Amino acid sequence: MTVTIRPIAAADRARWQELFDAYTRFYEREPDAAVSDHAWARIMDPASPVHAIVAECSENGVIGIANYILHDNTWTLTPVCYLQDLFVDPKIRAQGVGQQLIDWLVAKMKSENWSRLYWNTKENNYRARGLYDKYTPHSGFLRYVVNNG
């Protein structure tokens, strides 16, 4: 299977939505149309710091997504990239697609001179952690979240 990683396009909306909804359910949340519409609008807005790439193959079309955010940081001179959402169609997993999405972002980090690329995952997401551990050791930081309401 030959996979191409590319920036997302408006024509990818329906498939992005399917994969984004599946990602949302994976993290035990129900998809919310208003949230998805807002995320999509930000991804499509060239002035927004929210971006997305897709993994595509001729046999199956879009099979994976990665949504990421570029932002300033108080400890660096150049932006950092937060990989917020990474999801590969479960029928295609274990074929290197997630790695190709991350590799694309690593190459982009180097070519655009971002200071770093980082992401979070659940502690018990062992399958994903098997991939992530190939890039870097776990940071050792714990994440705390205060929700509004």
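**Reading a predicted fold**

User: To start, how much of the protein chain is buried?

Analyst: Buried means under 20% relative accessible area, with exposed over 50% and partly exposed in between (1.4 Å probe, protein chains only). Here, buried residues make up 37% of the 149 residues in the protein chain. Keep in mind that this is a predicted model: local features need pLDDT of at least 70, side-chain atom pairs count only at pLDDT 80 or more, and totals for chains, interfaces and linings use all residues. Residues are numbered from 1 along each chain as its sequence is written, and side-chain values use heavy atoms, leaving out hydrogens and water.

User: Which pattern of helices and strands does the protein chain follow?

Analyst: Helices (H or I, at least four residues) and strands (E, at least two) are DSSP runs, numbered from the N terminus. In this protein chain there are four helices and five strands, and along the sequence they read β-α-α-β-β-β-α-β-α.

User: What share of the contacts with a separation of 6 or more comes from residues 24 or more positions apart?

Analyst: A contact means heavy atoms within 4.5 Å. For the protein chain, that share is 58%.

User: Let's try one residue. Where is asparagine 125 found, and is it buried or exposed?

Analyst: Asparagine 125 is in the loop between β5 (116-119) and α4 (126-132). Asparagine 125 is buried, at a relative accessible area of 12%.

User: What does asparagine 125 touch, not counting residues up to four places away in sequence?

Analyst: Asparagine 125 touches Phe26 and Tyr27 on that count.
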